[in-house]
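Reader: I am new to this structure and would like a close, unhurried look at a single part of it. Please begin with one strand and the strands beside it, and then follow the account outward to helices and rings.

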Amino acid sequence: MTGRKNMGRVSPLFLVLLSLGFFFATYNLLTLVIQYKSSNSGDGLELADPITDMPHEVKRLGKSNPRYHVALTATDAPYSQWQCRIMYYWYKKMKDMPGSDMGKFTRVLHSGKPDKLMDEIPTFVVDPLPEGLDRGYIVLNRPWAFVQWLEKATIEEEYILMAEPDHIFVNPLPNLAHGDHPAGFPFFYIKPAQHENIIRKFYPKEKGPVTNVDPIGNSPVIIKKTILEEISPTWVNISLRMKDDPETDKAFGWVLEMYAYAVASALHGVRHILRKDFMIQPPWDLKVGKRFIIHYTYGCDYNLKGELTYGKIGEWRFDKRSYLSGSPPRNLSLPPAGVPESVVRLVKMVNEATANIPGWG
């Protein structure tokens, strides 16, 4: 692929040096929620064209590519484990359905040691960053985990889907990538152009316009394995450099690693096909429709009239953060009448998984 070059491997010495002077990220989820509400009038799902941006040469292509390998990074914390179990359950349900291009599955466990799910979920154990290097921002381990997995594992598929534990496959997912062009989901809060002064610290002007940096994170992304092998070391380096820069750390907060992936991709000349139909995020997206993934990162709080009470604990709620230390119980109560279909579908899918996973809880 033109425009890409080897950005170099990550040395242990580099990681140790960068560990000096790091501090914790700050988070402001409520601000992002307000922005999301203002940028999404209606459910926005029945769109004539789910593709928001596509490189010009891709438009001439027909059927995309062969099967992809599903990979998600995870820890051995109970909070991560129960989400992985539900995610893997729905992967198995969707894998062989018509329209699916799913191949094999790997949980890339970056806790450095096996856990109790090794026999239940196909797992590859890698090392976390050196102690203290993530400074409590656990997501910094994600790019480092991919570097190790790609170097050490045998991966048969030509493409990889980078997924997360709080993803549920709600429809069979085809390979949305085209050749050397990965497919990614455009996040409303990833806005490189609005942070040009910061982006230019890591993506200099001679590399091209800031618009070359796609408004994405690393997940969900379907990407050719050979391209991810090139991007991943750069992704690690940019993540750590961003975390070490106070201005960048303050500006990007909990989405810093997402920006790092976007910048690393741009440095290698990689542009993503932006697919709005890749996933939905309840409670803001109201219908499932033909979307492929439910991402349940936001809490769903409603009163008994079915009215959203975001920012205030509802009389009915489903929030993954209610289960930080253990699994949610089986047979969660369904939402009251009037709650959007996307939330009802989410809870029903969680209930189906927990009812059928042996030894739940």
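Author: What follows starts from one strand, turns to its partners, and then moves on to aromatic rings and one further helix.

The model is predicted, so local features are described at a pLDDT of at least 70 and side-chain atom pairs at 80 or more, while totals for chains, interfaces and linings use all residues. Numbering starts from 1 along each chain as its sequence is written, and side-chain values rest on heavy atoms, with hydrogens and water left out.

The strand chosen is strand 5, residues 159–163, where strands are DSSP runs of E with at least two residues, helices are runs of H or I with at least four, and both are numbered from the N terminus. Strand 5 is mostly covered, for five of its five residues are buried (under 20% relative accessible area with a 1.4 Å probe and protein chains only, against over 50% for exposed and partly exposed in between). In a regular strand the side chains alternate between the two faces of the sheet. Here Tyr159, Leu161 and Ala163 point one way, whereas Ile160 and Met162 point the other way, and all of them are buried.

Strand 5 is paired with strand 2 and with strand 8 (two strands pair if DSSP finds at least two bridges between them). With strand 2, residues 68–74, strand 5 runs parallel, and five bridges join the two; in this pairing Ala71 has Met162 of strand 5 as its bridge partner. With strand 8, residues 221–224, strand 5 runs antiparallel, and here four bridges make the connection, with Leu161 having Ile222 of strand 8 as its bridge partner.

Strand 2 is itself mostly covered, since seven of its seven residues are buried. On one side of strand 2 lie Tyr68, Val70, Leu72 and Ala74, on the other His69, Ala71 and Thr73, and both faces are covered. Strand 2 also pairs with strand 3, residues 102–109, in the parallel sense over six bridges, and Ala74 stands opposite Leu109 of strand 3.

From the strands the account passes to the helices. In helix 4, the residues Arg142, Pro143, Trp144, Phe146, Val147 and Leu150 meet Lys225, Leu228, Glu229, Ser232, Pro233, Trp235, Val236 and Ser239 of helix 6 (contact means heavy atoms within 4.5 Å).

Aromatic pairs come to 19 in the count (ring centres of Phe, Tyr and the six-membered ring of Trp within 6.5 Å, with planes under 30 degrees apart stacked, over 60 edge-to-face and the rest tilted). Phe146 and Trp149 make one edge-to-face pair, at 6.0 Å centre to centre and 65° between the planes. These two residues are three apart in helix 4, residues 141–152, and so are separated by about one helical turn. Phe146 is buried at a relative accessible area of 1%, and Trp149 is likewise buried at 1%.

Tyr189 and Trp254 have ring centres 5.6 Å apart and planes at 45°, so this pair is tilted. Tyr189 lies in the loop between strand 7 and helix 5, and Trp254 in the loop between helix 7 and helix 8, so that the pair links distant parts of the chain, 65 residues apart. Tyr189 counts as buried because its relative accessibility is 8%, whereas Trp254, at 23%, counts as partly exposed.

Lastly, Thr354 sits in helix 9, residues 341–356, and counts as buried because its relative accessibility is 0%. Leaving aside residues up to four places away in sequence, Thr354 touches Ile86, Arg330, Asn331 and Trp360.
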